[in-house]
Amino acid sequence: MAEAKVKLISRRDFIKGSGVVVGGAAVGSTVLAVACAPPTTETVEVVREVEVPGPTVEVEVEKEVLVEVEKEVLRETVREVEVIRQVPLKEVVNLNVNGVVHPLKVKDNWSLAFVLRQKLGLTGTKISCDEGICGFCAVLIDGKPILSCQTLAIEMDGKDITTIEGLQNPDATQMNVNTLDPVQQGFVNKNGFMCGLCTPGAILVAKAFLAKNPNPNLDDVKLALSGNLCLCGGYELIQQSVLEAARLLRGG
Ligand code: FES
Ligand code: FES
């Protein structure tokens, strides 16, 4: 019998987005093959979840797949069992965000961006690509910019986290209505935003950059913010805003 060519099916599809991690392999399958007409149906998957005591869940997946053998299309029923590791809530993690310590229970696959937004309500941190490409989600960890969508919250225990909500004018007093950080003010002065989605990340990256280089030229700014995309294409205004922020930080 000629070698069967089996249509591959992603076994992760049915658990995609469910917050679980595949930790085991398929442990068995049976095949029933019958001749039939060319394929007219889609692949069928029947998923049964079996709760078992302990940190795993067994999931039985029944699939109907189409197999081509020497120009004949056969139908197979494949039964597989996935062993899935449930991600437990960890013990309390202390997240120090903008000077306030938040004891939180987190799962070990939760990103810092998710926790900031969904658990702490700090929605100034934006998420766009969620893949480490756009820079929208940048926050400061101990003064250095990181991509919070690519950072596990569980690893941030005890670190000094600064989000856009944590920036303010260090000279502000209760009587001073202008509480913006000079970097934020630079963006306001030069209109360094359109829709504003990229702005929090760009400001925080600029903040860390200007702390290191208080007197940058345009090329320095372009390089420093090269990891911050702007879907609106407002790069020139953003760069001018950073130069304006540098001027303000130097005492204007
Ligand atoms: S949302 Fe984090 S890099 Fe795009
Ligand atoms: S201002 Fe809209 S993405 Fe940058």
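This passage describes helix H2 and its surroundings in a predicted model.

The chain contains five helices and eleven strands. Of its 252 residues, 35% are buried. When contacts between residues at least 6 apart in sequence are considered, 56% of them join residues at least 24 apart.

Helix H2 spans residues 182-189, and six of these eight residues are buried, so the helix is largely enclosed by the rest of the structure. The buried positions are Pro-182, Val-183, Gln-184, Gln-185, Gly-186 and Phe-187. These residues pack against two other helices, namely H3 (199-212) and H5 (235-249). At the start of H2, the backbone nitrogen of Val-183 has a side-chain oxygen of Asp-181 within 2.7 Å. Beyond the helix comes Asn-191, whose phi is positive, with a value near 55 degrees.

The packing of H2 against H3 is considered next. Two packed helices are described by the angle between their axes and the distance between those axes. For H2 and H3, the angle is about 125 degrees and the axes lie 9 Å apart. H2 is therefore oblique to H3, and the crossing of the two helices is right-handed. On the H2 side, the residues that take part are Val-183, Gln-184 and Phe-187. Their partners in H3 are Thr-199, Ala-202, Ile-203, Ala-206, Lys-207 and Leu-210.

Lys-207 also takes part in one of the two salt bridges that the structure holds. Side chains of opposite charge can pair when their charged atoms come close. In this salt bridge, Lys-207 is joined to Asp-181, and the closest N and O atoms are 2.8 Å apart. The pair links distant parts of the chain, since Asp-181 belongs to the loop between strand E11 (160-162) and H2, whereas Lys-207 belongs to helix H3, 26 residues apart. The two partners differ in their accessibility: Asp-181 has a relative accessibility of 2% and therefore counts as buried, while Lys-207, with a relative accessible area of 26%, is partly exposed. Asp-181 thus has a side-chain oxygen within 2.7 Å of the backbone nitrogen of Val-183 and also forms a salt bridge with Lys-207.

The other helix against which the buried residues of H2 pack is H5. Ser-241 is located in this helix, and its relative accessibility is 0%, so this residue counts as buried. A polar atom of the Ser-241 side chain lies 2.6 Å from the backbone oxygen of Leu-237. When residues up to four places away in sequence are not counted, Ser-241 touches Gly-186, Phe-187, Lys-190, Asn-191 and Gly-192. Among these, Gly-186 and Phe-187 are buried residues of H2, and Asn-191 is the residue with positive phi that follows the helix.

Helix H5 also contains a salt bridge, in which the side chains of Glu-244 and Arg-247 meet with an N to O distance of 2.9 Å. The two residues are three apart in H5, so about one helical turn separates them. Glu-244 is buried because its relative accessible area is 8%, a value under the 20% cut-off. Arg-247, in contrast, has a relative accessibility of 34% and so counts as partly exposed.

Definitions and conventions: Residues numbered from 1 in each chain as written. Chains lettered and ligands numbered in written order. Predicted model: local features only at pLDDT ≥ 70, side-chain atom pairs only at ≥ 80, totals over all residues. Heavy atoms only, no water. Buried < 20%, exposed > 50% of the residue type's maximum accessible area, 1.4 Å probe, protein only. Helix = DSSP H or I, 4+ residues; strand = E, 2+ residues; numbered from the N terminus. Contact = heavy atoms within 4.5 Å. Polar contact = N/O pair within 3.5 Å; in protein donor to acceptor, adjacent residues only side chain to side chain. Salt bridge = Lys/Arg side-chain N within 4 Å of Asp/Glu carboxyl O. Axes fitted to C-alpha atoms, helices over the stretch in contact; angles between N-to-C directions. Parallel < 35°, antiparallel > 145°, perpendicular 65-115°, else oblique. Left-handed = near helix turned anticlockwise from the far one by under 90°.
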